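Got your viewer open? Let's take a walk through this one, stop by stop, with something to select at each.

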Amino acid sequence: MSLKHQVLQDLYDYCLQHNNMVFHNDIVKDISRKNKFGNPFDATKLDSTDKLPQFMKDNDLCILHLGKGNHRFLKGIHILYHKFEPIQKSVVWEYRKSLLNEYNDSESNILSVANNQRILHDFLFGVDLEFDNLPVSKRPKTYFPHRTKATLAYNFGEEHIVCEKQQIEIDLTIEYGGTICVFEAKNGEPTDFNIYQLYNPFLYYYKAFPDNKTVCVYLVRNGDSLKLWLYTFADPLQIGSIQFIKSREYNLKRS
């Protein structure tokens with residue numbers, strides 16, 4: 001068992017002993033220290049089901065982040081995790097490598113490359129609208145990565161969840177024609193993902209602009225392949241209502 005999985009096992013045992021499935025970051029730090037796990041802030045970060053320890057899979061357990069440093073074990077892996085749909089279309093995308101295009105493989109750089117090569121605009125709108133003869137007020141707007149905090153309330157299956165001062169990480173946002181699109185990016189070949197990565201930014205914007213359309217894109221880079229999936233939520237206040245819209249793969253070909 002890895003050190004991270006041992007920390008999660010000890011956290012769950014602690015919750016069972018105290019008959020309370022909610023636990024605080026201070027407990028995570030204490031248990032991480034006892035297990036000589038050097039990064040306690042990573043202990044509860046489980047972005048895909050392959051990161052779950054076996055005891056959580058066996059007991060259908062996942063972890064929700066409740067804000068103010070609190071977390072909770074609860075049942076519902078099928079609610080919190082979503083399997084990627086098959087790619088509907090694959091295209092070759094010619095581009096000329098620039099100085100910083102592949103300077104690093106960070107998630108921020110992945111989105112920068114996709115944005116600078118107009119891939120995001122092609123996927124969302126079917127055309128590059130950035131440099132058309134449009135006034136600035138009518139062009140797509142790009143907002144760079146940031147973190148914020150907000151109080152969010154939503155349903156997880158039959159349970160009502162309230163997250164106070166929840167930290168929200170937004171990798172990128174594009175706004176166009178009254179539609180808001182939030183992005184999450186990862187490297188590798190994950191087969192599924194933790195929905196909260198899309199849902200928290202979605203709910204953050206939905207709460208502020210309920211009359212506007214909000215959608216989400218999950219982007220995965222593996223070598224010269226960029227795969228994108230577009231989602232929304234059929235019921236904005238139900239985290240399990242994720243709804244697939246479309247997918248596409250862009251194979252980068254250097255010209």
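## A guided tour

Start by selecting residues 213-222 and 225-233. These are strands β12 and β13, which run antiparallel and are joined by seven bridges. Keep in mind as you look around that this is a predicted model. For one pairing up close, pick Val220: its bridge partner in β13 is Lys227.

Now widen the selection to the whole sheet. β12 and β13 belong to an open sheet of seven strands, in the order β5-β14-β13-β12-β10-β9-β6, with mixed pairing. Which strands sit at the edges? They are β5 (90-95) and β6 (141-143), each pairing on one side only. Try looking along the sheet, too: neighbouring strands are turned by 25° against each other on average, ignoring direction.

Next, add residues 107-116. That's helix α5, and it packs on this sheet, touching β6, β9, β10, β12 and β13. Its direction makes about 125° with that of β10.

**Next stop: the rings**

Show the aromatic side chains. The whole structure holds 17 aromatic pairs. Zoom in on Phe193 and Tyr218: their ring centres are 4.7 Å apart and their planes are at 35°, so this pair counts as tilted. Phe193 lies in strand β11 (residues 192-194) and Tyr218 in β12, so the pair ties together parts that are 25 residues apart in sequence.

Are these two buried or exposed? Phe193 is buried, with a relative accessible area of 0%, and Tyr218 is buried as well, at 2%.

Now add Phe84, Trp229, Tyr231 and Phe244 to the selection: together with Phe193 and Tyr218, they form one aromatic cluster.

For a quick detour, select Lys246 and Phe123. The charged end of Lys246 sits over the ring of Phe123, 4.9 Å from the ring's centre.

**Last stop: another sheet**

Select β1 (22-24) and β2 (61-67), the edge strands of an open sheet, each pairing on one side only. This sheet has three strands in the order β1-β3-β2, and the pairing is antiparallel. From one strand to the next, the twist averages 30°.

Residues 70-75 make up β3, which pairs with β1 over three bridges. Click on Val22 and you'll find Arg72 of β3 standing opposite.

Finish with two helices. Helix α1 (residues 3-17) lies across β1, β2 and β3, running at about 85° to β3. Helix α2 (residues 25-34) packs on the sheet too, touching β1 and β3, and its direction makes about 70° with that of β1.

Notes: Residues numbered from 1 in each chain as written. Predicted model: local features only at pLDDT ≥ 70, side-chain atom pairs only at ≥ 80, totals over all residues. Heavy atoms only, no water. Pairing = 2+ DSSP bridges. Helix = DSSP H or I, 4+ residues; strand = E, 2+ residues; numbered from the N terminus. Axes fitted to C-alpha atoms, helices over the stretch in contact; angles between N-to-C directions. Contact = heavy atoms within 4.5 Å. Phe/Tyr/Trp six-rings, centres within 6.5 Å; stacked < 30°, edge-to-face > 60°. Buried < 20%, exposed > 50% of the residue type's maximum accessible area, 1.4 Å probe, protein only. Lys NZ or Arg CZ within 6 Å of the ring centre and 35° of its normal.
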